[in-house]
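Me: I should like to understand how structural terms are justified. May I ask about the reasoning behind each one?

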Amino acid sequence: MKPINAMKMEFLSKSANEGFARSVVAAFAASLDPTIDELADIKTAVSEAVTNCIVHAYRECIGKIYITAAIYEGGRLSIKIKDNGCGIDDVQKAMEPMYTTSPETERAGLGFSVMESFMDKLKVRSKPQKGTTVVMEKRINQRGLHNDARND
């Protein structure tokens, strides 16, 4: 299915860029006229995914984080966050609540659980030493809008 609208960006894995990424994706999703709660869910999930890239994927260095987002018919928003970092050896284990690769940093290991709870779909693909891709989807309730962005 072809998107109605799409965006792409890349930035360095610096903690200062987490808020930037969250804001850009939220601004992009705003054309769907989400509720405050829906927008908060999207921002939280993006924050968690980007923070995982910063803290885990590029533990010892600065790398690039790539985000693509697309809007589809029916108010479906798809967000893909990708890194070329260290990757995840066991994705299933990493998705378990309370699992963390950095216990010394006092991280709770809830990133994937948070993403899963705030989004409708979550897929994680990873290859050790190649990187990780997180794809999240959320359907925004259409409230009878006549949004011009959908008719372009």
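Reply: Let us begin with a definition: a helix is a DSSP run of H or I of at least four residues, and helices are numbered from the N terminus. Please bear in mind that this model is predicted.

Me: Why are Glu18 and Arg22 said to be separated by about one helical turn?

Reply: The two residues are 4 residues apart in helix α1, and therefore about one helical turn separates them.

Me: What makes the meeting of the Glu18 and Arg22 side chains a salt bridge?

Reply: A salt bridge requires a side-chain nitrogen of Lys or Arg within 4 Å of a carboxyl oxygen of Asp or Glu. The distance from N to O for Glu18 and Arg22 is 3.0 Å, so the pair satisfies the definition. The structure holds 5 salt bridges.

Me: Is Glu18 called buried or exposed, and why?

Reply: Buried means under 20% relative accessible area. Glu18 has 16% relative accessibility and therefore counts as buried. Its partner Arg22 has a relative accessible area of 28%, so Arg22 is partly exposed.

Me: What makes the pair of Lys138 and Asp41 a link between parts of the chain?

Reply: Their side chains meet in a salt bridge of 3.3 Å, N to O. Lys138 belongs to strand β5 and Asp41 to helix α2, so the pair ties together parts that are 97 residues apart in sequence. Both Lys138 and Asp41 are buried.

Me: How do you know that Lys121 and Glu137 form a salt bridge?

Reply: The distance from N to O is 3.9 Å, which is accepted because the limit is 4 Å. This pair also links distant parts of the chain, with Lys121 in strand β4 and Glu137 in strand β5, 16 residues apart. Glu137 has a relative accessible area of 15% and is therefore buried. Salt bridges with shared partners join Arg76, Lys121 and Glu137 into one network.

Me: How is the packing of helix α1 and helix α2 described?

Reply: Two packed helices are described by the angle between their axes and the distance between the axes. Helix α1 (residues 16-29) and helix α2 (residues 36-57) pack at about 145°, and their axes are 9 Å apart. The crossing is right-handed. By class, this contact has 9 nonpolar, 2 polar and 3 charged residues.

Me: Which residues touch the most other members of the largest nonpolar core?

Reply: They are Val46, Val50, Ile67, Ile79, Ile81 and Met136, in a core of 34 residues. Helix α2 gives the most to this core, with 8 residues. Apart from its neighbours within four places in sequence, Val46 is in contact with Ala21, Arg22, Val25, Ile79, Ile81 and Met136.

Me: What makes the phi of Asp33 noteworthy?

Reply: Phi of Asp33 is near 55°, a positive value in a residue other than glycine. Asp33 is in the loop between α1 and α2. With 32% relative accessibility, Asp33 counts as partly exposed, because that class lies between 20% and 50%.

Me: Why is Gln129 placed in its accessibility class?

Reply: Exposed means over 50% relative accessible area. Gln129 has 65% relative accessibility, so Gln129 counts as exposed. Gln129 lies in the loop between β4 and β5 and has a positive phi of about 65° although it is not a glycine.

Note on methods
Residues numbered from 1 in each chain as written. Predicted model: local features only at pLDDT ≥ 70, side-chain atom pairs only at ≥ 80, totals over all residues. Heavy atoms only, no water. Axes fitted to C-alpha atoms, helices over the stretch in contact; angles between N-to-C directions. Left-handed = near helix turned anticlockwise from the far one by under 90°. Nonpolar A, V, L, I, M, F, W, Y, C, P; charged D, E, K, R; others polar. Core = buried A, V, L, I, M, F, W, Y, C linked by side-chain atoms within 4.5 Å. Buried < 20%, exposed > 50% of the residue type's maximum accessible area, 1.4 Å probe, protein only. Contact = heavy atoms within 4.5 Å.
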